[in-house]
Amino acid sequence: MKASSALLAAILLSSPIAFGAVSTNGITGNWLGTLDAGSVRLRVLFKITQAPGGALTAKLDSLDQGASDLPVDSVTLNGDAVRMEVKMVQGVYEGTLNKAGTKMTGRWQQGPSTLPLTLERSEAGDAAAKPRAPGSSQAAQYRPPDYVKPALFQEREVVVGSGEWQLPGTLSVPVGKGPFPGVILVHGSGPNDRDESIGPNKPFRDLAWGLASQSVAVLRYEKRTKHYPAKVAASIEQLTVKEETVADALEAVFLVRTIDGIDAKKVFVLGHSLGGMLVPRIGIGSPPIAGFIIMAGAARPMEDLMLEQNLYQASLAGKMSPETRKAVDEVKRQVAAVKSLSKDSPSQGMLFNAPASYWLDLQGYNPPAAATKLKQPLLILQGEQDCQVSYKIDFPAWSQALAGRKDVELKSYPGLNHLFMEVQGRSTGAEYAQPNHVAEIVLRDIAAFIRRH
């Protein structure tokens, strides 16, 4: 995502497991370290084991993000030189093992970002090395904003969907006599939890609790790629946004429309980031939906945004180092490869951690143009300091495509970032590591839109 905080989003992606073979087991065990980029501090845990055949394998936990057992594609040990590659996030760790075999000193490179990283052996039972489950140990860092009124709503656990892809979710329902309007929250990129947690921040919990405090029922749920990482990886070659996002969002709509106390005729869908970009896909051919809220929805091809984000992050460091330039060139290569894909020649391996099927499915998809086919009211929101989806490029594209429609509202917010949280000065993504909340004005505008429709 960002040069100084790239791990915040990228490490949460899924990919197939393909471990490489090595000849020695001198580094088996758990290795704990902290990526420190000033305002961003993320603990990572490499869990290295030896297969019966002698090959080393590994998995990676991002402890402060609640992400665990992410596949490491290769582990090599040549003398005291250690190298571990995590292709799904374009990340590589290179370090030197000390003589005692207790410490690795090296660096983590991911995209245009390079950070020092020292790993030390950690006991498996050490509490400091245990992944933080969303809503557990991180709960101490989360303090509800003032606009949340816990006495005005209740929560219960629900199950979204049926069969092999059932997903756990949380339904926040206002106290009092219904029926109430309902909203389904649809995640951005990566295997997000139901709160869309990033560092200590939980924007979907803010939205759910804030809207429930204003007499709106809200459903949020675990994303499929978060809840079933191994199963998704096993069928990665067929993955599209339908499997990643759209199908489960529709299951959530079906569920909410059947719940007592919620008005089946007043069910809305709110998509953030990728979820906002896919609102037209969710809306076409779906059950009756009263309206849509798009928060920071991209209006351009995803690969173009990835290049723009990487160039932006590289620019923050000033003059490009040879390593940064090499990383940016690799991003450009993958962008070109995505654009050259066709049904006749689809196989180019994983591009930006996604298979050819994913990119072919999105070829020609123009979210604002597709949104013109929706008959329901639309509320389109954008933070003016967003460093991932452009206020100057993406937001006007929605406005131009939907100009003239009286049931479409567009609002932008000075000083708000991609998470719709206040940021001082220029957003870089590093601020995501600091506790914050979705701005109250955003909650008020969403609730008012729902009441009007």
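Which residue forms a salt bridge with R205? In this predicted model, the partner is D195, and the first close-up shows the pair.

**View 1. Salt bridge between R205 and D195.** The closest N and O atoms of R205 and D195 are 2.9 Å apart. R205 belongs to helix α2, whereas D195 sits in the loop between β12 and α2. The two residues are 10 residues apart, and the pair links distant parts of the chain. Both R205 and D195 are buried.

**View 2. Salt bridge between E157 and R194.** Here the closest N and O atoms are separated by 2.8 Å. E157 lies in strand β10 (residues 153–160) and R194 in the loop between β12 (180–186) and α2 (203–212), so this salt bridge ties together parts that are 37 residues apart in sequence. The partners fall into opposite classes of accessibility: E157 is exposed, its relative accessible area being 56%, while R194 is buried, with a value of 15%. The limits are over 50% for exposed and under 20% for buried.

**View 3. Salt bridge between D407 and R405.** The side chains of these residues meet at a distance of 3.0 Å, N to O. D407 counts as partly exposed, at 23% relative accessibility. R405 is also partly exposed, with a relative accessible area of 23%.

**View 4. A network of salt bridges.** R83, E85, E94, R107 and E323 are joined into one network by salt bridges that share partners. Across the whole structure, a search finds 22 salt bridges.

**View 5. Surroundings of E244 in helix α5.** The helix that holds E244 spans residues 241–257. E244 has a relative accessible area of 8%, and because this is under 20%, the residue counts as buried. Its side chain makes a polar contact with the side chain of K223, at 3.1 Å. K223 is also one of the residues in contact with E244 when neighbours within four places in sequence are left aside. The others in that set are G190, T225, L239, L274 and Y358.

Terms used
Residues numbered from 1 in each chain as written. Predicted model: local features only at pLDDT ≥ 70, side-chain atom pairs only at ≥ 80, totals over all residues. Heavy atoms only, no water. Salt bridge = Lys/Arg side-chain N within 4 Å of Asp/Glu carboxyl O. Helix = DSSP H or I, 4+ residues; strand = E, 2+ residues; numbered from the N terminus. Buried < 20%, exposed > 50% of the residue type's maximum accessible area, 1.4 Å probe, protein only. Polar contact = N/O pair within 3.5 Å; in protein donor to acceptor, adjacent residues only side chain to side chain. Contact = heavy atoms within 4.5 Å.
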